[in-house]
Structure formats: structure tokens, C-alpha cells
Amino acid sequence: MARHECPAMARSRRPVTDAYGLVRAEDAARSGSSRRALQYGATSGALRRLHRGVYATTDAPPEQLAIRGAMTHLGPESVAVLGSAAIVHGLAGLPQTWTPQLAVPPGLERRQRDGMEIHVWDLDESDVDCIDGIRVTTVVRTLADVCRTLPDAQSVALVDSALHLRLVRPEQLLQVRATMTRRRNCVAGRRRLDLAREGAQSPGETRIRLLATQAGLPPDELQVPVRDRQGRLLGYADLGYRLAGGWLLVEFDGRSVHELPQAVLDDRHRQNAILAQAGNVMIRFAWEDTYSVDAVDRALRPILVSSGWRPHQSRP
């Protein structure tokens, strides 16, 4: 993602179709077009009306298109915040559809509109970045905001994603924590931040870990190396528990990856290698298991209790 100044959001000298496929009705006359032509384009299906006076001709990702359209409607002073900022930064952990969340400075208050969520925030310029033409809160400020305002599963997954993508380093979480100071819901936000852990590679892994932790079964390690009898590294299990004679290894099967034939084959080889070693046990979970309050607990607890496992002093 290119970081640069944001000419795409400027009001003046904007071409009818900008670099991201957006068309503003007020620019139509300057290019020899008209509002009526835009309306006809929307009716015919050649254009898509995003907001009053804003149309799109692009096949850009829906989230990015929705954010750009909402910001074009509000003007160059708007900033993508909260979940929308997380999307712009490329973080994983939110539903596929997400209403654009934007902030405007005091004095430019707007009434709420369909298709967007508007906040009035006095943001310092040090809290604002620019990515691919979108003004957006920095990663640190974004994580501080989502931890304060979003549910555990979403906010922790976003922090885990930022760590996995190396957009923040573990020591920078202290900065995220400090950014919450004297802000609403800072206590809950800091609790959620403390649940984040380096090593989770997908929102599904985060959800399984949180469900296990909430049941009193925090995993001993994330990304546990898996080796065959000759000691050759075959891959990594998502999380694991040390047992007396081996490991209880837990895998999350995400649809987007594990439905692929090669991934299924690799998983099978890895599972065969794990089970070929005495004392190892493997449990697999899918998205459906994360919708149940006790599915993870019911699967893990009998194995851990029978082996005499006790929680270690490790982070969740």
C-alpha cells in the first residue's frame, strides 16, 4: 500500500473520474457531462450511485469502494477510523461487509447518513496517515480505538493481525495502551489489548484461543513446530498444550485456505506425522465451532484433565 499525500481527496481540479473510479456530480459540468448523464448511467447500470452526488465506475474491492465513496461525499477533511481504518490497513478480523466509519473535525459536524457512520473527532495530525489516497488513523491509533469500541473477538483479532503483518511490534502495544488514556472505555480496551498475542495467523485462530482461554484452558504455545520421526520440520500447529508424553495440538480449518486440495493434502500429511508419534493428540476446529459457547471447551477439557494438564503462567 503506497503511503503518500492525498490528492485524490482534494476538492479542486478533480477529474470527472478519479484514479479510483469515482465520479462527483459537481465535477460533471467541467468535463462536458451533466448530472442527468450520471443519473442515466446509474439507471442503465453503467454507474453505481454510492451517495448523493457520488457515483462509481470501478471494480475495486467493496470495502475500499464504500470507504472512498463515503469520504468523497463528506469531503477532504474526513478520516477513516475504527473498523474502516483497520480495513484500509489490511487487518483481518471484521465481517466481510462493514459500514464505513469516518471522522470529521469539530466545526464540520454532519448529520448521520445512510451507508456511513460519522464521528466528530479532534484528531492530531500525528494520529493520521495516508494510504493509497485515503486519510486514515495510524495503526497505533486504530488499534487503540477498536479495542475500546469493538467486541473482544473482533478487536483482539485485529491486534493479532497487526502483529502477524508486522505493522506493529510487540513493544509498540505499550504505545497503543497509552493512547487509550483518559478515553471512553479505556479499561475494557486495555483488557482486550492484553488478550492479544503474537503468533496467531488468522481471526479463526484468535477466536479458538479466546474461547479456550475463557474456559480456563489458555494454550501453552502458539505455532508449535511439527516434525516427523526423523526430526524434519513439516509445519506448525496453530496452538498447543504440553502433555506428559507429547502434545495436544489444535488446528483451525479456515474455509479460504483449507478447502484448497493441496492444503488439504498437506494437512493430512502433517496430521499423519503428528499421530504417528506416541503421546500426540490433534483436535481440529472450524468456523462453526466458534459460534458455540462450549464447543471448544467440550473438545479440549476431557483430554487435558485426563492427562493432568495445568495452566501455565503464559499470556492468553
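Of the 316 residues in the protein chain, 48% are buried in this predicted model. The accessible surface comes to about 16,300 Å², and carbon and sulfur atoms account for 50% of that area. Twelve helices and twelve strands make up the secondary structure of the chain. As for contacts between residues at least 6 apart in sequence, 57% of them link residues at least 24 apart.

A good place to start the tour is strand β5, which spans residues 101-104 and is covered on both faces. Gln101 and Ala103 lie on one side of β5, Leu102 and Val104 lie on the other, and all four are buried. Strand β4 (residues 79-80) pairs with β5 in the antiparallel sense through two bridges, and here valine 79 has alanine 103 of β5 as its bridge partner. Strand β6 (residues 117-120) also pairs with β5, but in the parallel sense and over four bridges. Alanine 103 turns up again in this pairing, with histidine 119 of β6 as its bridge partner.

Further along the chain comes helix α7, formed by residues 186-195, whose buried residues are Cys186, Gly189, Arg192, Leu193 and Leu195. In an α-helix, residues three or four places apart point the same way, because each turn takes 3.6 residues. The cover over the buried residues of α7 includes helices α4 (139-149), α5 (152-164), α6 (173-179) and α8.

Helix α8 leads on to an open sheet. Four strands build this sheet in the order β9-β10-β11-β12, with mixed pairing. Strands β9 (221-227) and β12 (281-286) each have a single partner strand and stand at the edges, so one side of each has no neighbour in the sheet. On average, neighbouring strands here are turned by 45° against each other, direction ignored. Between β9 and β10 (residues 233-242) the pairing is antiparallel and runs over six bridges; one of the residues involved is arginine 227, whose bridge partner in β10 is leucine 233.

Two helices pack on this sheet. Helix α8 (residues 203-214) touches β9, β10, β11 (247-253) and β12, and its direction makes about 25° with that of β10. Helix α12 (residues 295-307) touches β10, β11 and β12, with its direction at about 175° to that of β12. Helix α8 thus appears in two settings: packed on the sheet, and among the elements that cover the buried residues of α7.

Definitions and conventions:
Residues are numbered from 1 along each chain as its sequence is written. This is a predicted model: local features need pLDDT of at least 70, side-chain atom pairs count only at pLDDT 80 or more; totals for chains, interfaces and linings use all residues. Side-chain values use heavy atoms; hydrogens and water are left out. Two strands pair if DSSP finds at least two bridges between them. Axes are lines fitted to C-alpha atoms, for helices over the stretch in contact, and angles run from 0 to 180 degrees between N-to-C directions. Contact means heavy atoms within 4.5 Å. Buried means under 20% relative accessible area, exposed over 50%, partly exposed in between (1.4 Å probe, protein chains only). Accessible areas come from the Shrake-Rupley method with a 1.4 Å probe; for residues, only the protein chains shown count as cover.
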